[in-house]
Amino acid sequence: MMPLKTIDDQKSLNDLLEKVKSYRPQADLELIKKAYSFARQAHGGQLRFNGNPFFKHPLKTAKTLVELRVDEKAIAAALLHDVCEDTQTSLKVIQKMFGKEVAFLVEGVTKLTDLKFQLGKEDYLVENLRRMILAMAKDIRVLLIKLADRLNNLETLEALPLEKQKTIAQETLEIYAPLAQRLGMGGMKGVLEDLAFPYVYPKEHTWVKLYSRPRYREMEDYLKRVKRVVNKALDKAGVEAEIHARGKHLFSLYKKLLVKDKNLDKIYDLVAMRVIVKTVEECYTVLGIIHKMWKPLLAMVKDYIALPKPNGYRSLHTTVFCLDGRIVEFQIRTRQMHAEAENGIAAHWYYSEQKAKGKSEKELKAGFKVPLDAFSWVKRLSSWQKEIGDNSEFLEDLKIDAFSDRIFVLTPKGEVVDLPDNSTPVDFAYAIHTEIGDSCVGAKVNGKLVELSHHLQNQDIVEILTSKQQKKPKHDWLKFVVTTHAKGAVRKALKESD
Ligand code: MN
């Protein structure tokens, strides 16, 4: 057996347990201990391709999940996630030792891993995406483990052959990072992208790094001054706040530079100031204080608290002419909003579980509401898939639907509907209800009649006009609708009339 001196088991395990206890006092720590020693033994002297003991990998995966504050079952499953694939252990044994739920999670992750490079590239991506969406519709923890697993694989990517590096990094940019984004996991998305960036675009990575570094340094001192001024003003108003400057992730900076003529001067959020306070009221107080000191660029004041982004993101954003007339972005949010912005669905999951504790089934159904927008999106996708069947057209649509930029528009009653960019009133109608889509004959946007092929904009108020005479969608709608649901419905109706 290989010496395993690079892992201090006692310390690693204690660290895990301490952290879990801190956010989850009722956790079954025995389960984690058992999973730790079982996985440790099962992987034995196995080495990873970089020469490290293999167990470092599941351990790091589990640590990432602890940061996301998931429950002990998911952490146990993370420790065990490569046991079935890479050792002699069967799923049956896992189930016997750790129970059905842990076994289900391990199986879910293993199934996603199975898929490796079996299909042609495009098919592979779409199939992979489909599997992930189905897996997470069943249990979001499967996907959280998979994302944490991928994160550590990227951290150790250097040791792999060049071709493989590129494939894994590319797949991360095409599937994993957008999924993390769609689930509101801003922190995970940023880290995944930045890790994959140099493997997929080595030259561009070097360029943007060298180009932005001096500017970041120079901003540092300036923002310290800004921070002092803001701190003083908030003190005076009696608002307790935590303020820090946050640099943009390198890959998202690169993408932004591409649309801004590669000119750093045109990027206002290179570094954003984050102000974190206790209550929603204080968020607005802080906004007022900042606007009183510095004039905002009006078009850039955004209230994502009143109107959260489709992935659940909440915050106040404002961009102001700050000290010395320089343009600076502020993001103002509560602590919970901050956790949700970084960890998205994982945070929702955590908070909803906390809130659900001690409530009866009936209470939960009656009044228990969590902003699980991202989650409902997942459920919707998987239910449409059942409706429409397992065909490649659907999967292509799915990819567009899932990964394009999103807008949110409103019904006349103020309900928010989440749609991909370039959606039309017909997409909106189908998002409300299939029957409304089928019988839709016209639409008003912000009170004015528009064509059915009209492109909706963020925050439009959309009213659909229907007719009882029309029971089927028109086939030429296919030329302009963009959502999976609308396309599927039109195609289905056309097939039936054949
Ligand atoms: Mn793994």
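Trainee: Which residue in β5 stands opposite Leu316?

Mentor: In this predicted model, Leu316 belongs to strand β4, which covers residues 316-321 and runs antiparallel to β5, with 6 bridges joining the two strands. The residue of β5 that stands opposite Leu316 is Ile332.

Trainee: Which helix packs on the sheet, touching β1, β2 and β5?

Mentor: The helix in question spans residues 202-237, and its direction makes about 30° with that of β2, the strand at 271-277. The helix that packs on the sheet is therefore α11.

Trainee: Which are the edge strands of the sheet that contains β1 and β3?

Mentor: This open sheet has 5 strands, ordered β1-β2-β5-β4-β3, and its pairing is mixed. An edge strand pairs on one side only, and the two strands to which this applies are β1 (242-247) and β3.

Trainee: How many degrees does the twist average from one strand to the next in the sheet of β8, β9 and β10?

Mentor: Here 3 strands form an open sheet in the order β9-β8-β10, with antiparallel pairing. Its edge strands are β9, at 448-450, and β10, at 462-466. From one strand to the next, the twist averages 35°.

Trainee: What is the bridge partner of Cys440 in β10?

Mentor: Strand β8, which comprises residues 440-445, runs antiparallel to β10, and 5 bridges join them. Helix α19 (residues 425-432) lies across β8, β9 and β10, running at about 80° to β10. The partner of Cys440 in β10 is Thr466.

Trainee: Are the planes of the rings of Phe251 and Tyr254 stacked or tilted?

Mentor: There are 11 aromatic pairs in the structure. In the pair of Phe251 and Tyr254, the ring centres are 6.3 Å apart and the planes meet at 35°, and since planes must be under 30 degrees apart to count as stacked, this pair is tilted.

Trainee: What separates Phe251 and Tyr254 within helix α12?

Mentor: Both Phe251 and Tyr254 are buried, and ring pairs link them with Phe197 and Tyr201 into a cluster. Along helix α12, which runs over residues 250-259, they are 3 residues apart, so what separates them is about one helical turn.

Trainee: How many residues apart in sequence are the parts that Trp294 and Phe330 tie together?

Mentor: Both Trp294 and Phe330 are buried. The centres of their rings are 6.0 Å apart and the planes lie at 20°, so this pair is stacked. Because Trp294 lies in the loop between α13 (280-293) and β3 (302-303), whereas Phe330 lies in strand β5 (residues 327-334), the pair ties together parts whose separation in sequence is 36 residues.

Trainee: Over the face of which residue does Arg48 lie?

Mentor: Lys34 lies over the face of Phe98, at 5.3 Å from the ring centre. Arg48 is placed at 5.7 Å from a ring centre, and the ring over whose face it lies is that of Phe54.

Trainee: Which helices hold His57 and Asp149, and how many residues apart in sequence are the parts that this pair ties together?

Mentor: His57, through NE2, and Asp149, through OD, are protein donors of the manganese ion together with His81 (NE2) and Asp82 (OD), and these donors lie 2.2 to 2.3 Å from the ion. Along the chain their spacing is H-x23-H-D-x66-D. Because His57 lies in helix α3 (residues 56-67) and Asp149 in helix α8 (residues 140-155), the separation of the parts tied together is 92 residues.

Trainee: Is Asp149 buried or exposed?

Mentor: His57 has 1% relative accessibility and counts as buried. The relative accessible area of Asp149 is 5%, which is under the 20% limit, so Asp149 is buried.

Terms used: Residues are numbered from 1 along each chain as its sequence is written. This is a predicted model: local features need pLDDT of at least 70, side-chain atom pairs count only at pLDDT 80 or more; totals for chains, interfaces and linings use all residues. Side-chain values use heavy atoms; hydrogens and water are left out. Rings of Phe, Tyr and Trp (its six-membered ring) pair if their centres lie within 6.5 Å; planes under 30 degrees apart count as stacked, over 60 as edge-to-face and the rest as tilted. Helices (H or I, at least four residues) and strands (E, at least two) are DSSP runs, numbered from the N terminus. Buried means under 20% relative accessible area, exposed over 50%, partly exposed in between (1.4 Å probe, protein chains only). A charge sits over a ring if NZ of Lys or CZ of Arg is within 6 Å of the ring centre and within 35 degrees of the ring normal. Donors are N, O and S atoms within 2.8 Å of the metal (3.2 Å for Na, K and Ca); water is not among the atoms, so sites may look incomplete. Two strands pair if DSSP finds at least two bridges between them. Contact means heavy atoms within 4.5 Å. Axes are lines fitted to C-alpha atoms, for helices over the stretch in contact, and angles run from 0 to 180 degrees between N-to-C directions.
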